[in-house]
Amino acid sequence: MKTICLYFEIHQIIHLKRYRFFDIGTDHYYYNDFANEQTITNIAKNSYMPALDALLQMIKENDGYFKVAFSLSGVGIEQLEVHAPQVLEKLQELNSTGCVEFLAEPYSHGLSSLANKESFKADVTKQMGIIQEYFGNKPKVLRNSSLIYSDDIGELAANMGFDGMLTEGAKHVLGWKSPHYVYRCALAPDLKLLLRDINLSDDISLRFNDRTWSGYPLFADQYINKIAAFPEKERIINIFMELSALGISQPLSCHILDFFKALPEFARKQNITFSTPSDIFSKEESVDVLDVPDTLSWIDEERDVSPWLGNPMQREAFNKLYSVADRVRIANDPRINQDWNYLQASNNFRFMTTKPSNVGLDRGIYNSPFDAFTNYMNILGDFINRVDNLYPEEIDNEQLEGMLTTMKNQGDEIGAKDTEITRLHAQIEKTQTALNKMREKFEKEQELVAKLTEKEGGEGIKDTNVDANIVSSDLGKSPK
């Protein structure tokens, strides 16, 4: 039986502002708040909300038959929290159906997997924390930024405990093989891989509204029939795209959502199901090793990392940024960390590309790749100066880590002593309360002795004195 694995990415670009050389050292805020708010508000209105409403309707109308997966970058979540919290609320509603899986990815939507293993692990771990906070589940499947993958990255993911990863079904990697199977990592055989079907995914995300395309117009029954026509053994159909394809890349006016809503009905007629990545990994065995010695991605015809690192400007900016990766991670300063996440985002390097692309690239405020490079390097210069000012450059990473570890240990020790002091204060107060009660009891006994002495003229004094002596004896004992 064939199954469709439908996955959507949600990420939001953090727009940088125009930053001059003379701003270095005087202005430490790097972002265009107006552009950020305008962009996310537009996408939420014209894409995210109508698309998520449609997907929720599909789940409810099909009673658990339709399933879907998402991954959200941490910086994207931050933008949604501020400008479009209704999107997160809708995702939580989708999550409550039990038909949705949320995947792990780098918090920054950056390229740390290509530069620094420890930074990559920290990046993914941070994103997993916020996913668990919002949706209550710890992700078991990893999707790297732009489906970036190699054997080394797969091994790293396996060491982090993931069951599997998503990546691109690139022709130069697959050769004669089909993307419609589960594969396994060459260096970590326990890590399973799902490969994106390029044609089926791009038919929707890139070509759906293209009137010059030979497949236009695309109807849901035709689409499902194409899937049903694959050989019987090719059971795993992976359709991956950005959620913004529904409403932005392909406008709502072209009836893209009507197309999606019709898919479950025609799939059911062909005995085709829908599954999340974890569903597939739990049920299907891998059929073969996938050898990926060189890094691949889902961008451009080459399906490699050249869109971000293809020219000297991009590599210079990339190397300069990650030259302080260890210091940023060791220092763990909140404000530095936030800027670090935003500056890592892959779009900052994509704006510098000089490659021709069949996918339109909006450079935003930049007039050219060199303009994007200059602006980014000015900001990066200020950022690195701030890191060096916090922790002087002459202190190497090992010394810095040792110093910060010592400071942390001293802080823990001070905290433990504060806790002990609080406990002793509480014990003293308890002891003082007990003493006060015994003193009150003794004083009452003394008053009773005096009254009896006055009334009886000395009779019974002996026995009463015995009681008084007992009280005096008790008072001399310190309560525990």
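What covers the buried residues of helix α2? In this predicted model, the cover includes β1, α1, β2, α3 (85-95), α4 (117-135) and α14 (334-344). The legends below begin with the whole chain and then turn to close-up views.

**Figure 1. The protein chain combines 18 helices and 12 strands.** Of its 480 residues, 49% count as buried. Among contacts between residues at least 6 apart in sequence, 77% join residues at least 24 apart. The chain exposes about 23,500 Å², and carbon and sulfur atoms supply 50% of this area.

**Figure 2. Helix α2 is largely enclosed by the rest of the structure.** This description applies to α2 (residues 74-83) because 7 of its 10 residues are buried. The buried residues are Gly74, Val75, Gly76, Ile77, Glu78, Gln79 and Leu80. Among the elements that cover them are the strands β1 and β2 and the helix α1.

**Figure 3. Strand β2 pairs with β1 and is joined to β3.** Strand β1 (residues 3-10) pairs with β2 in the parallel sense over 4 bridges, and Ile10 stands opposite Leu72 of β2. With β3 (residues 100-103), β2 also runs parallel, and 4 bridges join the two strands. Here Phe70 stands opposite Phe102. Together, β1, α1 and β2 make a right-handed β-α-β unit.

**Figure 4. The residues of strand β2 point two ways, and all are buried.** In a regular strand, side chains alternate between the two faces of the sheet. In β2, Val68, Phe70 and Leu72 point one way, whereas Ala69 and Ser71 point the other way. Since 5 of the 5 residues of β2 (residues 68-72) are buried, the strand is largely enclosed by the rest of the structure.

**Figure 5. Phe70 belongs to the largest nonpolar core.** Nonpolar side chains tend to be buried together in soluble globular proteins. The core shown here has 134 residues, of which Phe70, Leu91, Phe260 and Phe383 touch the most other members. Helix α1 (residues 33-61) contributes the largest share of this core, 12 residues. Leaving aside neighbours within four places in sequence, Phe70 is in contact with Tyr7, Phe8, Ile10, Leu52, Leu55, Leu91, Leu94, Val100, Glu101, Phe102 and Leu103. One of these contacts, Phe102, is the residue of β3 that stands opposite Phe70.

**Figure 6. Five strands form an open sheet with mixed pairing.** The order of the strands is β4-β5-β7-β6-β12. At the edges are β4 (141-143) and β12 (288-290), each of which pairs on one side only. Neighbouring strands of this sheet are turned by 40° against each other on average, direction ignored. The edge strand β4 pairs with β5 (residues 164-168) in the parallel sense over 3 bridges. Within this pair, Gly164 in β5 is the bridge partner of Val141.

**Figure 7. Ser146 occupies the loop between β4 and α5 (151-159).** Is Ser146 buried or exposed? Its relative accessible area is 6%, so Ser146 is buried; the cut-off for a buried residue is under 20%. Not counting residues up to four places away in sequence, Ser146 touches His109, Ser297, Trp298, Ile299 and Trp308.

Definitions and conventions. Residues numbered from 1 in each chain as written. Predicted model: local features only at pLDDT ≥ 70, side-chain atom pairs only at ≥ 80, totals over all residues. Heavy atoms only, no water. Buried < 20%, exposed > 50% of the residue type's maximum accessible area, 1.4 Å probe, protein only. Contact = heavy atoms within 4.5 Å. Areas by Shrake-Rupley, 256 points an atom, 1.4 Å probe, with all protein chains shown as cover. Pairing = 2+ DSSP bridges. Axes fitted to C-alpha atoms, helices over the stretch in contact; angles between N-to-C directions. Core = buried A, V, L, I, M, F, W, Y, C linked by side-chain atoms within 4.5 Å. Right-handed = clockwise from strand over helix to strand, strands pointing away.
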